[in-house]
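Me: I'm new to reading protein structures. Could you walk me through this one with a few questions and answers?
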Amino acid sequence: MTQPISRFPVPESIHDLPDDIRDAMLAVQEKAGFVPNVFLMLAHRPAEFRAFFAYHDALMERESDTLTQAEKEMIVVATSGRNRCLYCVVAHGALVRIYSQDPLLADQVAVNHRVADLSERHRVMLDFAFHTGLEVGELTDAWQTRLLEAGFTLDDIWDIGAIAAFFGMSNRLVTLAGTPPNEEFYLMGRVPRQK
């Protein structure tokens with residue numbers, strides 16, 4: 001039995017959606033080979049869909065001072081693991097594997113980054129993500145010094161906190177809707193992509 005994509009309405013067809021939302025889904029389908037379930041889950045609220053992906057893209061696609069795509073995705077996976085969000089752990093775990101070229105990293109970060117084989121930079125980054133995103137911590141002088149000493153800039157520090165906060169919301173929405181990860185995500189970065 002196939003698990004439903006959401007407890008809330010999902011489109012019968014993406015062709016029934018506003019043009020910009022349909023185009024966004026077709027673009028991601030072209031790139032990934034499928035439409036991620038989160039797109040379908042959010043589609044019943046077009047204004048929220050647009051706002052969600054506008055902020056997602058602003059955070060995750062912008063060029064950071066020193067944060068790499070793999071590091072941004074590590075923040076997502078670590079905080080999503082702590083929030084018990086299967087969808088985001090699986091979907092963004094695939095991106096960690098792809099961007100880092102490390103097939104083990106995503107699973108280690110999702111379960112417990114503090115015992116994973118990480119650099120001090122990554123450990124500090126994820127500790128701060130937990131501090132801001134899960135413990136509602138503020139950026140103190142001590143944290144700022146620790147992060148700057150690890151090689152992060154003030155813009156990077158903003159990005160770490162903003163990614164942890166944004167995906168806290170994302171984790172809650174996906175959990176609220178009961179949205180499962182697409183099966184395709186489980187194999188991404190583990191087996192070669194078929195052309």
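**A walk through the model**

Reply: Happy to! Keep in mind that this is a predicted model. T179 is a good place to start: this residue sits in the loop between α9 and α10 (183-187).

Me: Is T179 buried or exposed?

Reply: Leaving out residues up to four places away in sequence, T179 touches I5, S6, N37, V38, M41, Y87 and V174. Its relative accessibility is 6%. Buried means under 20%, so T179 counts as buried.

Me: Which helix gives the most to the largest nonpolar core?

Reply: That core has 56 residues, and M25 and I160 touch the most other members. Nine residues of the core come from one helix, residues 154-177, and this top contributor is α9.

Me: Which residues is I160 in contact with, leaving aside neighbours within four places in sequence?

Reply: I160 is one of the two residues that touch the most other members of the core. With those sequence neighbours set aside, its contacts are L67, I75, M125, F128, A129, L147 and F152.

Me: Is R84 buried or exposed?

Reply: R84 lies in the loop between α4 (69-82) and α5 (86-100). Its relative accessible area is 74%. The cut-off for exposed is over 50%, so R84 is exposed.

Me: What is the phi of Q101?

Reply: Most residues other than glycine have a negative phi. Q101, in the loop between α5 and α6 (105-112), is exposed at 65% relative accessibility. Although Q101 is not a glycine, its phi is positive, at about 60°.

Conventions:
Residues numbered from 1 in each chain as written. Predicted model: local features only at pLDDT ≥ 70, side-chain atom pairs only at ≥ 80, totals over all residues. Heavy atoms only, no water. Core = buried A, V, L, I, M, F, W, Y, C linked by side-chain atoms within 4.5 Å. Buried < 20%, exposed > 50% of the residue type's maximum accessible area, 1.4 Å probe, protein only. Helix = DSSP H or I, 4+ residues; strand = E, 2+ residues; numbered from the N terminus. Contact = heavy atoms within 4.5 Å.
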